[in-house]
Amino acid sequence: MIFKLFPDQQDELKLVPETGMGYQLIQARFKGEYTLKEFIVLNEELVVENNYQKKDYLKEIFLKGFNLSLRNAVYRELKEIKLINEIKSFNVFGESGGHSSSTKESLVIYPDGKSYHVRLSASDADKRIDKKNNCLLPGSYTTTKRDYEKCVNDGDNPVERYALPNEEKIEWAFHIFPQVKDSYQFGIVKPDFGKRGGGEECFFENGTSFGTFKKQTDYGIFYP
């Protein structure tokens with residue numbers, strides 16, 4: 001089943017850290033039900049059950065496209081939402097088995113104030129980008145400028161490189177110039193969801209300062 005969240009729950013999930021760039025792996029239950037299930041949430045709004053037997057739902061989103069899937073999905077409300085990497089998973093969807101990221105356990109790094117980071121998305125309305133304050137929301141992932149450029153120049157598939165759950169084509173790049181106080185943690189993407197990983201990823205636990213989101217471009221464009 002593919003469903004979408006009401007706006008108030010989308011806002012609630014903006015306060016929940018990502019599991020990886022563009023998605024959250026959560027445990028929750030449907031309103032009116034008592035059984036906890038695992039779900040993959042894409043861009044804080046489109047949700048599929050994280051059950052290996054139902055993995056075709058992710059392929060359905062890929063075939064229809066994110067926007068069409070979103071328009072056709074029914075609203076459902078979730079209760080008792082918890083991020084999977086904060087609790088033990090009882091499903092194994094991906095090759096890593098736990099969906100935990102060592103990036104969140106790595107040392108804190110402070111930017112030099114000169115380089116930029118890139119966030120990739122299949123949606124032109126990435127909800128982790130605060131376009132009112134032009135910044136990255138807390139608990140969000142990016143990749144580095146150098147890894148983005150390598151991915152593009154090598155003709156690599158970003159869905160494989162960053163082990164994204166949905167195979168929909170990456171269309172957009174969001175260019176962010178963090179200030180020296182905008183700390184992050186650096187790591188290498190683990191294989192998951194049948195994807196090989198290997199790309200560089202950065203986790204901004206506290207997000208970035210106002211004014212650090214500079215430009216949205218088509219995927220493949222470098223900035224400046």
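## Exercises on strands, ring pairs and salt bridges

Arg146 and Glu200 form a salt bridge whose closest N and O atoms are 2.9 Å apart. This pair, like every feature treated below, is taken from a predicted model.

**Exercise 1.** State which elements the salt bridge between Arg146 and Glu200 ties together, and classify each partner as buried or exposed.

*Solution.* Step one is to locate the partners: Arg146 belongs to helix α4 (residues 145-153) and Glu200 to strand β14, so the salt bridge ties together parts that are 54 residues apart in sequence. Step two is to apply the cut-offs, under 20% for buried and over 50% for exposed. Arg146 has a relative accessible area of 53% and is therefore exposed. Glu200, with 13%, is buried. A further group may be noted here: Asp147, Asp156, Arg161 and Arg196 are joined into one network by salt bridges that share partners.

**Exercise 2.** Identify the strands that pair with β11, and name a bridge partner in each case.

*Solution.* Begin with β8 (residues 117-121), which pairs with β11 in the antiparallel sense over two bridges. Here His117 has Thr144 of β11 as its bridge partner. Next, β14 (residues 200-204) runs antiparallel to β11 and is joined to it by three bridges. In this pairing, Thr142 is matched with Cys202 of β14. Finally, consider burial: β11 (residues 140-144) is mostly covered, five of its five residues being buried.

**Exercise 3.** Determine which strands stand at the edges of the six-stranded open sheet, and describe what borders β6.

*Solution.* The strand order is β5-β1-β4-β3-β2-β6, with mixed pairing. At the edges stand β5 (74-75) and β6 (78-83); each has a single partner strand, so one side of each is left without a neighbour in the sheet. The pairing of β6 with β2 (residues 23-30) is antiparallel and comprises four bridges. Within it, Phe30 has Leu78 of β6 as its bridge partner. Helix α1 (residues 7-14) packs on the sheet, where it touches β2, β3 (37-42) and β6, and its direction makes about 15° with that of β6.

A salt bridge also connects side chains of β2 and β6: Arg29 and Glu80 meet at 2.6 Å, N to O. Because Arg29 lies in β2 and Glu80 in β6, the pair ties together parts that are 51 residues apart in sequence. Arg29 counts as buried at 18% relative accessibility, whereas Glu80 is partly exposed at 47%.

**Exercise 4.** Classify the ring pairs Tyr23–Phe193 and Tyr184–Phe204 by their geometry.

*Solution.* The search of the whole structure finds twelve aromatic pairs. For Tyr23 and Phe193, the centres are 5.4 Å apart and the planes make 85°, which is an edge-to-face arrangement. Tyr23 is in strand β2 and Phe193 in the loop between β13 (184-188) and β14, 170 residues apart. Both of these residues, Tyr23 and Phe193, are buried.

For Tyr184 and Phe204, the centres are 5.1 Å apart and the planes stand at 35°, so the pair is tilted. Tyr184 lies in β13 and Phe204 in β14, 20 residues apart. Tyr184 and Phe204 are both buried.

**Exercise 5.** Describe the aromatic and charged surroundings of Phe30.

*Solution.* First, Phe30 forms one aromatic cluster with Phe3 and Phe39. Second, the charged end of Arg76 sits over the ring of Phe30, 3.8 Å from its centre.

Definitions and conventions
Residues are numbered from 1 along each chain as its sequence is written. This is a predicted model: local features need pLDDT of at least 70, side-chain atom pairs count only at pLDDT 80 or more; totals for chains, interfaces and linings use all residues. Side-chain values use heavy atoms; hydrogens and water are left out. Buried means under 20% relative accessible area, exposed over 50%, partly exposed in between (1.4 Å probe, protein chains only). Two strands pair if DSSP finds at least two bridges between them. Contact means heavy atoms within 4.5 Å. Axes are lines fitted to C-alpha atoms, for helices over the stretch in contact, and angles run from 0 to 180 degrees between N-to-C directions. Rings of Phe, Tyr and Trp (its six-membered ring) pair if their centres lie within 6.5 Å; planes under 30 degrees apart count as stacked, over 60 as edge-to-face and the rest as tilted. A charge sits over a ring if NZ of Lys or CZ of Arg is within 6 Å of the ring centre and within 35 degrees of the ring normal. A salt bridge is a side-chain nitrogen of Lys or Arg within 4 Å of a carboxyl oxygen of Asp or Glu.
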